[in-house]
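This briefing covers salt bridges, contacts, surface exposure and one backbone angle. Please view the sequence and the model alongside the text.

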Amino acid sequence: LEFRRVLFRSLIELYMTEATARLKSLHQAAAEQNHEQTCQLAHALKGTSLSIGARDFAALLDIIEQGA
């Protein structure tokens with residue numbers, strides 16, 4: 001049980017680090033009106049978010065992806 005907690009915590013920390021970096025890139029791509037990069041970043045972050053169960057956030061990313 002402790003191993004699972006440690007593993008889960010590690011996965012969440014990794015996700016947060018990656019998500020933070022990708023969100024910054026996503027913001028920059030959107031600000032530059034780079035639709036292709038915005039779509040790619042939103043799609044990638046959506047997939048990662050779904051893999052950890054962040055469905056509401058993934059749904060928002062899907063809206064961004066579809067609008068890009």
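Buried means under 20% relative accessible area, exposed means over 50%, and partly exposed lies in between, with a 1.4 Å probe and protein chains only. By that scale Arg5 is partly exposed, at 48% relative accessibility. The model is predicted: local features need pLDDT of at least 70, side-chain atom pairs count only at pLDDT 80 or more, and totals for chains, interfaces and linings use all residues. Residues are numbered from 1 along each chain as its sequence is written, and side-chain values use heavy atoms, with hydrogens and water left out.

**Salt bridges within helix 1**

- The structure has four salt bridges, a salt bridge being a side-chain nitrogen of Lys or Arg within 4 Å of a carboxyl oxygen of Asp or Glu.
- Side chains of opposite charge can pair when their charged atoms come close.
- Glu2 and Arg5 form one salt bridge, at 3.9 Å from N to O.
- Glu2 and Arg5 are three residues apart in helix 1, so about one helical turn separates them.
- Helices (H or I, at least four residues) and strands (E, at least two) are DSSP runs, numbered from the N terminus.
- Glu18 and Arg22 form another salt bridge, their closest N and O atoms being 3.4 Å apart.
- Both Glu18 and Arg22 belong to helix 1, where they are four residues apart, about one turn of the helix.
- Glu18 has a relative accessible area of 26% and is therefore partly exposed; Arg22 is also partly exposed, at 26% relative accessibility.

**Lys46 and the link between helix 2 and helix 3**

- A salt bridge joins the side chains of Asp62 and Lys46, at 3.1 Å from N to O.
- This pair links distant parts of the chain, with Asp62 in helix 3 (residues 55-67), Lys46 in helix 2, and the two positions 16 residues apart.
- Is Lys46 buried or exposed? Its relative accessibility is 15%, so Lys46 counts as buried.
- Asp62, at 28% relative accessibility, counts as partly exposed.
- Salt bridges link Lys46, Asp62 and Glu65 in a network.
- Contact means heavy atoms within 4.5 Å; leaving aside neighbours within four places in sequence, Lys46 is in contact with Ala58, Leu61, Asp62 and Glu65.

**Cys39 in helix 2**

- Cys39 is located in helix 2 (residues 35-51).
- The relative accessible area of Cys39 is 27%, so this residue is partly exposed.
- Which residues does Cys39 touch, not counting residues up to four places away in sequence? They are Glu65 and Ala68.
- The C-alpha atoms of Cys39 and Glu65 are 4.6 Å apart, although the two positions lie 26 residues apart along the chain.

**Nonpolar surface patch**

- Phe3, Leu7 and Leu11 make up a nonpolar patch on the surface, with about 320 Å² of accessible area together.
- Patches are made of residues with over 30% relative accessible area and no salt bridge; like charges are joined within 9 Å, and nonpolar side chains (Val, Leu, Ile, Met, Phe, Trp, Tyr) within 5 Å.
- Accessible areas come from the Shrake-Rupley method with a 1.4 Å probe, and for residues only the protein chains shown count as cover.
- Leu7 lies in helix 1 (residues 2-31) and is partly exposed, at 42% relative accessibility.

**Gln33 in the loop**

- Gln33 is in the loop between helix 1 and helix 2.
- Phi of Gln33 is near 55°, a positive value in a residue other than glycine.
- Gln33 counts as exposed because its relative accessibility is 60%.
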